[in-house]
Amino acid sequence: METPGENFDSLQRLLKLKRHEVPPPGYFDRLARDIRARARATQAQPGLDPLIRLKTEAPWLMRVWESLAARPAFAGFVGASACAAVIAMMALSEKSTPSGSGGTLAETLVSPAGLIAAESSRPLRLTVSNEVAPPPKNLFEMTPSGQTLPAGFNPAGH
Amino acid sequence: MATEAQEAKTRAPSPEAAAERKLVEQARRGDLDAYDQLVRRYQERIYSTIYHMTANHEDANDLVQETFIKAFAALKSFKGGSSFYTWIYRIAVNKTINFLKQRSHRQGMSLNDLDCNAENDPDLVALISHQTPRRDAALAELQKKLNEAMAKLSHEHRMVVTLHDIQGMPHEEIAHIMDCNIGTVRSRLFYARQQLQGLLSDYLK
């Protein structure tokens with residue numbers, strides 16, 4: 001790769017200077033001790049460090065996380081895209097529902113005024129029954145009140 | 001016959017590799033003494049790589065610890081496809097590059113002192129007393145300028161210079177560690193040197 005015009009000998013000699021940069025005396029002994037202590041703590045309490053467990057069990061997830069953490073702008077873009085996708089899916093699912101069932105979520109919610117308007121267009125007939133539901137023997141044998149109606153409207157007029 | 005013997009020799013792991021594999025197996029079973037031996041075997045090289053990349057002792061200290069703790073926690077996932085040395089180097093390199101991407105706004109240097117041998121290194125003495133126009137430039141100043149120039153390289157270019165020109169690692173090994181092909185390593189090395197040469201031209205004449 002080195003072209004005839006390029007001579008990096010001087011640079012390589014200068015770079016040798018970096019080999020002489022050394023940490024304080026005794027540093028590597030302390031480092032090994034610190035690592036051992038942290039490794040022992042990890043080993044003794046594996047349940048207390050879920051991050052390390054996650055790194056072991058799902059390294060791909062950590063790689064994704066680290067790559068997102070390294071690029072905050074990209075992470076924001078991914079987050080915004082995910083939100084947009086969820087909103088788009090919601091809108092699509094609402095569109096795909098039959099038009100008679102109401103259309104949007106707000107429309108499907110039954111308003112009292114809407115109910116009155118719908119029901120008022122039909123002829124109403126009040127039917128009264130004299131049958132009385134027997135009293136429940138105890139609280140747990142009570143049936144829902146909607147099942148036995150002593151009186152009710154018959155919209156069809158029969 | 002000779003070929004078979006040669007093949008058998010290449011297939012058979014060296015005693016060092018076999019010893020390392022044994023230590024890895026023991027460490028995987030939770031033997032802290034075995035892991036301590038692995039740490040002591042590689043900590044200086046891993047530290048140096050991270051230090052030359054960050055030019056900051058405190059950051060290097062944190063990252064080297066995190067590297068070894070992450071490796072310890074992930075030993076179960078180490079399949080043995082590469083050597084432990086290459087594997088842990090990969091962890092260190094990825095961790096360092098991610099760290100540098102995150103701290104791109106901060107460029108604080110915390111340089112280690114030069115050892116006493118630097119003043120007696122004939123190459124360095126020659127650079128100061130003969131080739132540098134500013135003969136009074138002390139080694140410490142040269143060290144600072146060199147680190148500033150290194151900091152201007154991209155992370156990948158700096159990593160290749162660190163591994164090859166400072167630590168003396170062969171291209172093939174760097175390619176394994178950085179997960180790229182040898183051509184990419186060579187080309188990165190060439191452009192990094194070219195850039196450094198331009199940045200340090202006052203000290204290289």
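**Cavities in a predicted two-chain model**

Q: What volume does the second largest cavity have?
A: The second largest cavity has a volume of about 30 Å³, where a cavity is a set of points, on a 1 Å grid over the protein atoms alone, at which a 1.4 Å probe fits but cannot get out, and a volume is the space filled by probe spheres set on the points, which are joined across faces, edges and corners.

Q: Anything I should know about the model and the labels?
A: This is a predicted model, in which local features need pLDDT of at least 70 and side-chain atom pairs count only at pLDDT 80 or more, while totals for chains, interfaces and linings use all residues. Residues are numbered from 1 along each chain as its sequence is written, chains are lettered from A in the order in which they are written, and side-chain values use heavy atoms, with hydrogens and water left out.

Q: Which residues line that second cavity?
A: Its lining, meaning residues with an atom within 4 Å of a point, consists of A32(A), I35(A), R36(A), L32(B), Y35(B), D36(B) and V39(B).

Q: And which helix gives the most to it?
A: Helix 3 of chain B does, with four residues, and helix 2 (27-44) of chain A also supplies at least two; helices here are DSSP runs of H or I with at least four residues, numbered from the N terminus.

Q: Switching over, how much space lies in the largest cavity?
A: About 70 Å³ lies there, and 11 residues line this cavity, with M53(B), T54(B), A55(B), A151(B) and R158(B) nearest its centre.

Conventions. On a 1 Å grid over the protein atoms alone, a cavity is a set of points where a 1.4 Å probe fits but cannot get out, and a pocket is an open set with protein on both sides within 12 Å along at least five of seven lines; lining residues have an atom within 4 Å of a point.
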